[in-house]
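Visitor: I keep hearing words like "buried", "edge strand" and "pocket". Could you show me what earns those names?

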Amino acid sequence: MPAALRRALPAGYAVLEAAQGDLNRDALPDWLVVLHRPDEAKTSDVVSHPTKRPLLVFVGGAGGTFALAARTDNAVYCVDCGGLMGDPFTGLAIKNGYFTVEHSGGSAQRWTRHVTFRYEAATGSWLLHRDGRERLHALDPEHGTATAATSKNFGRVPLVKFDIYKE
């Protein structure tokens, strides 16, 4: 991750994951950065007070500069939101103006949740594109269920208004 981005991160956080790609389809490198508090395992309570993990969207500019284009504290699950399997955050994926935040968790009853956002050039923002979920039992993985909600189900939801904690 470029030093200019590291300097732009808010105090009190560490980088959990960073991914580079073209988030706004301008052919310049952009970055997604997921932050966490170093003491989150001690402070987070999934039921009453999850310690939230910011997701920052940095877009690239001329001369290798970057600008913070969006921030949300509600797109990445907390450290203890995964049940017995532990931290549910599994990664980020970026492809041609889309990005996905990936999670999995549970115990015998396992789940995944992949939330995808797409860039909208007209507004210069990212909108919820797809919210995909899978559920299965560890002893019977072939008979799991998969569902996916799209904008036909939830309408226009900007990244900054999306809340993974609300069902």
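Guide: Let's go through some of the names and see what backs them up; keep in mind that this is a predicted model.

Visitor: How do you know that Cys78 and Cys81 are joined by a disulfide?

Guide: Check the sulfur atoms. They sit 2.1 Å apart, S to S, in Cys78 and Cys81. The cut-off is within 2.5 Å, so a pair of cysteine sulfurs at that distance counts as a disulfide. A search of the whole structure turns up one disulfide.

Visitor: What makes the disulfide of Cys78 and Cys81 right-handed?

Guide: That comes from the torsion about the S-S bond, which is about 95 degrees, so the disulfide is called right-handed.

Visitor: Why is Cys78 called buried?

Guide: Buried means under 20% relative accessible area. Cys78 has 0%, so Cys78 counts as buried. Its partner Cys81 has 15%, which is under the cut-off too, so Cys81 is buried.

Visitor: And what makes Ala27 exposed?

Guide: Exposed means over 50%. Ala27 has a relative accessible area of 71%, so Ala27 is exposed. You'll find Ala27 in the loop between strand S1 (14-21) and strand S2 (30-36). Along the chain, Ala27 and Asn96 are 69 residues apart, while their C-alpha atoms are separated by 9.1 Å.

Visitor: How do you know that S1 and S2 pair?

Guide: Count the bridges. At least two are needed, and S1 and S2 have seven, in the antiparallel sense, so they pair. One example is Ala18, whose bridge partner in S2 is Val33.

Visitor: What about strand S3 and strand S4?

Guide: Residues 55-60 make up S3 and residues 66-72 make up S4, and the two share six bridges in the antiparallel sense. Leu56 stands opposite Arg71 in S4. S3 and S4 form a hairpin with five residues between them, and Gly63 in the turn has a positive phi of about 70 degrees.

Visitor: In which order do S1, S2, S3 and S4 line up?

Guide: They form an open sheet in the order S1-S2-S3-S4, with antiparallel pairing. S1 and S4 stand at the edges with a single partner strand each, so one side of each has no neighbour in the sheet. From one strand to the next, the twist averages 20 degrees.

Visitor: What makes strand S5 and strand S9 edge strands?

Guide: Look at their sheet, an open one of five strands in the order S5-S6-S7-S8-S9, paired antiparallel. S5 (89-95) and S9 (140-150) each pair on one side only, and that earns them the name. Ignoring direction, neighbouring strands of this sheet are turned by 15 degrees against each other on average. Inside the sheet, S6 (residues 98-106) and S7 pair over nine bridges, antiparallel. Glu102 stands opposite His114 in S7.

Visitor: How many residues of the lining of the largest pocket are nonpolar, polar or charged?

Guide: The lining divides into five nonpolar, one polar and five charged residues. Among the lining residues are Trp111, Thr112, Arg113 and Glu134. Trp counts as nonpolar, Thr as polar, and Arg and Glu as charged. Cys81, from the disulfide, is part of the lining as well.

Visitor: Which strands each supply at least two residues of that lining?

Guide: Strand S7 (109-120) and strand S8 (125-137) do. The space in the largest pocket comes to about 170 Å³.

Conventions. Residues are numbered from 1 along each chain as its sequence is written. This is a predicted model: local features need pLDDT of at least 70, side-chain atom pairs count only at pLDDT 80 or more; totals for chains, interfaces and linings use all residues. Side-chain values use heavy atoms; hydrogens and water are left out. Buried means under 20% relative accessible area, exposed over 50%, partly exposed in between (1.4 Å probe, protein chains only). Helices (H or I, at least four residues) and strands (E, at least two) are DSSP runs, numbered from the N terminus. On a 1 Å grid over the protein atoms alone, a cavity is a set of points where a 1.4 Å probe fits but cannot get out, and a pocket is an open set with protein on both sides within 12 Å along at least five of seven lines; lining residues have an atom within 4 Å of a point. Grid points are joined across faces, edges and corners, and a volume is the space filled by probe spheres set on the points. Axes are lines fitted to C-alpha atoms, for helices over the stretch in contact, and angles run from 0 to 180 degrees between N-to-C directions.
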